[in-house]
Structure formats: structure tokens, C-alpha cells
Amino acid sequence: MSLSPFHLAIPVYDVALARTFYNDVFGLEEGRSSDHWVDFNFFGHQLVIHEHPKTPGQESAHTNPVDGHNVPVPHFGVILEWDEWEALAARLKERDTDFIIEPYIRFKGEVGEQATMFLLDPCGNALEFKAFQDKSQIFAK
């Protein structure tokens, strides 16, 4: 399966704070920018942070139960290679990241087993990073 890069634009109420977060925490390369928005290379995809007043979802996220955890909705993220996910989890733990859901293995021993973790950016946008040992399980039922 050949994947095309996605484009995602998200609201941030403090562009400078969000820019620093995506640069420092994830080491993302910047593309074009202005005083009101910044393009990032988000693991091969185009993520754009756009200045926008705080949204109700950024103040208090809704959640749905998944595998015994409260998963924030909405959220976005990326599926990484297993070793990339492990390295990112270690890096985030070293930075004393405040996780919504600590890195763990979801659906352990079941169809769709995956590594996952959730955190918030400084403007309240929820991010999920996951990995599969067997990528054929990504859409398994």
C-alpha cells in the first residue's frame, strides 16, 4: 500500500508557544510560516498550526473509553515504526511529559495489538502516537 502525505491544519491560541513545542519536543522541521501560522514536516506529513482563539475542545476534551482508558476526542497523530515509537516514548518520558495516556500496549494479545500514547500540545490539541508489530493489523477487526 502506497500512502500519500496528509495535510492537517489545527488551531493554536499561541503560535509562538506551539511552534516551540513542535520544534523542541518532536524536532520537527519547519516549512513556510507567517506570524499567524507555521508549516511542519510531521513525520512526512504536512501539519500546520494556525492562530485561532481557544476552542471549547481545547479547554476540556471529550473522551470515549477504549481498552480501559479515556481517549480524548478529537485527536490526531501518526503510526510510527515500532522502534521509532519506542524511541519517541523514551524521549518524551525523559522530558517528563505529562501524558494523557502513558505509553503502553493496547489490545495486548488480541487482534489489532498496538503500542500507543497520548499527550496534549500546549494549546490543548490531543496527539496520539502508535505502532504495530504487524502492520497488517492496522485495520483488522
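So, what is the lining of the largest pocket made of, by class? In this predicted model, ten of its residues are nonpolar, four are polar and five are charged. Keep that mix in mind, since I'll come back to it with the other pocket.

How big is this pocket? Its volume comes out at about 470 Å³. There are 19 residues around it, and if you want to find the middle on your screen, look for Leu3, His45, Val78, Ile79 and Ile138, the ones closest to the centre. Two elements give two or more residues to this lining: β7, which runs 76–80, and β10, at 126–131. The largest share is from β7, with five residues.

Okay, on to the second largest pocket. That one has a volume of about 200 Å³. Its lining has 14 residues, and here you'd look for Pro74, His75, Gly124, Asn125 and Ala126, which lie nearest the centre. As for the elements, β1 (7–12) and α2 (56–59) are the ones giving two or more residues to this second lining. Of the elements, β1 gives the most, with three residues.

Now back to the classes, as promised. How many charged residues does the lining of the second largest pocket have? None: there are eight nonpolar and six polar residues, and no charged ones. Set that beside the largest pocket, where five charged residues sit in the lining.

That's the tour. If you have the structure open, try starting from Val78 and Ile79 for the largest pocket, then go to Pro74 and His75 for the second largest.

Key. Residues numbered from 1 in each chain as written. Predicted model: local features only at pLDDT ≥ 70, side-chain atom pairs only at ≥ 80, totals over all residues. Heavy atoms only, no water. 1 Å grid on protein atoms, 1.4 Å probe; cavity = no way out; pocket = protein on both sides within 12 Å on 5 of 7 lines; lining within 4 Å. Points joined across faces, edges and corners; volume = space filled by probe spheres on them. Helix = DSSP H or I, 4+ residues; strand = E, 2+ residues; numbered from the N terminus. Nonpolar A, V, L, I, M, F, W, Y, C, P; charged D, E, K, R; others polar.
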